[in-house]
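Hello,

Here is the structure you wanted to look at. My notes on it follow below.

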Amino acid sequence: MSSVPHAGNVEVFKAPTNRWFAWLSWLVAALGLVVTAAAGGPAALVGAGPLLLIGFLGWLLFWMPSVVVHDAGITLENPFRSVNVPWAALVNVDTRYALTLVTPAGSYVSWAAPAPGIWGGRNARPEDLKGLPSATYGPGKSVRPGDLKTTDSGQAARLVRGRWEQLVEAGSLDAGNAETTAVRVTFRWPAVAATAVLLAASYWAVAVP
């Protein structure tokens, strides 16, 4: 899944709703291919670029993205890049728009854990506000909608903050190393190339008579 090896205690978060979207994309692509082949024969599949693009995007945008919490840090598996943030580089965890890891080098957003927005807290229950890592709470024990246990961003943030607090309490982290600890960003060039090829094939299928 990742270009970065993960050793030790590993927890992986993937948004449940994203999996449904992935299966829906694959279902649409598969049905489209069957109908195309049935109507025009195997030769008609030459113009199946748009359907292949839908299936590929289902994997790239919905199935593959994840938040991986491991002993060495946090890895954000996003569609076109993998971001590995060591624990020593982490200075804050934000959920205003999505799970965002803040470091001295910049902020890194997770595609797999979007926040629900301001209306996401309307159906929050009292138990959703209890038992969260201490860094979750704001003034007056307030909790942002994106930090609720029932949200994608909240579930991912709970994993990150929980492990982070354990390391801090155990004295395993030196806060003074944040400025000098590098964040590793790896671009997914094969995914970029595949997307470009399928986009070109889709354009050819639609534009070329």
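One cut-off first: buried means under 20% relative accessible area, exposed means over 50%, and partly exposed lies in between. Phenylalanine 56 is at 19% relative accessibility, so it counts as buried. Please keep in mind that this is a predicted model.

**Aromatic pairs**

The ring rule gives six aromatic pairs. One of them is tryptophan 23 with tryptophan 26. This pair is edge-to-face, with 5.1 Å centre to centre and 80° between the planes. The planes must be over 60 degrees apart for that label, so 80° qualifies.

Both tryptophans lie in helix H1, residues 16–40. They are three residues apart, about one turn of the helix. Which of the classes, buried or exposed, does tryptophan 23 fall into? Tryptophan 23 counts as exposed, because its relative accessibility is 51%. Tryptophan 26 has a relative accessible area of 25%, so it is partly exposed.

Phenylalanine 56 and tryptophan 59 form an aromatic pair too. That one is tilted: 5.9 Å centre to centre, with 40° between the planes. Both residues belong to helix H2, residues 49–63. They also sit three residues apart, about one turn of the helix. Phenylalanine 56 is the buried residue from above. Tryptophan 59 is partly exposed, because its relative accessible area is 36%.

Back to the tryptophans of H1. Trp23 and Trp26 form one aromatic cluster with Trp63. Tryptophan 63 has a charge over its ring as well. The charged end of arginine 19 sits there, 5.7 Å from the ring centre.

**Nonpolar cores**

In soluble globular proteins, nonpolar side chains tend to be buried together. Here, the largest nonpolar core has 23 residues. Val67, Ile74, Leu99 and Val160 have the most contacts inside this core. Six elements are worth marking on the structure, as each gives two or more residues to the core: strands S2 (66–70), S3 (73–77), S4 (81–86), S6 (98–103) and S7 (106–114), and helix H3 (152–169). H3 gives the most, with five residues.

What does valine 67 touch, leaving aside its neighbours within four places in sequence? Valine 67 is in contact with Glu11, Val12, Phe13, Ile74, Thr75, Leu76, Leu99, Ser110, Ala112, Ala113, Ala156 and Val160. Three of the residues with the most contacts inside the core are on that list: Ile74, Leu99 and Val160.

Another core lies apart from this one. It has seven residues, among them Leu60, Met64, Ala191 and Leu198.

**The five-stranded sheet**

Five strands form an open sheet in the order S1-S2-S3-S4-S8. The pairing is antiparallel. The edge strands are S1 (11–13) and S8, and each pairs on one side only. Neighbouring strands are turned by 15° against each other on average, direction ignored.

S3 and S4 run antiparallel and are joined by five bridges. A hairpin of three residues connects S3 to S4. Threonine 75 stands opposite asparagine 84 in S4. S4 is mostly covered, with five of its six residues buried.

On to the next pairing. S4 and strand S8 (residues 184–187) also run antiparallel, with four bridges between them. Valine 83 has valine 185 as its bridge partner in S8.

**The three-stranded sheet**

Which order do the strands of the three-stranded open sheet take? The order is S5-S6-S7, and the pairing is antiparallel. S5 (92–94) and S7 are the edge strands, each pairing on one side only. The twist averages 20° from one strand to the next.

S6 and S7 run antiparallel, joined by five bridges. Threonine 100 is a good residue to click on here. Threonine 100 is found in S6, and its bridge partner in S7 is valine 109. Threonine 100 is buried, because its relative accessible area is 11% and the limit is under 20%. Not counting residues up to four places away in sequence, threonine 100 touches Asn92, Val93, Asp94, Ser107, Tyr108 and Val109.

Best wishes

Notes. Residues numbered from 1 in each chain as written. Predicted model: local features only at pLDDT ≥ 70, side-chain atom pairs only at ≥ 80, totals over all residues. Heavy atoms only, no water. Phe/Tyr/Trp six-rings, centres within 6.5 Å; stacked < 30°, edge-to-face > 60°. Buried < 20%, exposed > 50% of the residue type's maximum accessible area, 1.4 Å probe, protein only. Lys NZ or Arg CZ within 6 Å of the ring centre and 35° of its normal. Core = buried A, V, L, I, M, F, W, Y, C linked by side-chain atoms within 4.5 Å. Contact = heavy atoms within 4.5 Å. Pairing = 2+ DSSP bridges. Axes fitted to C-alpha atoms, helices over the stretch in contact; angles between N-to-C directions.
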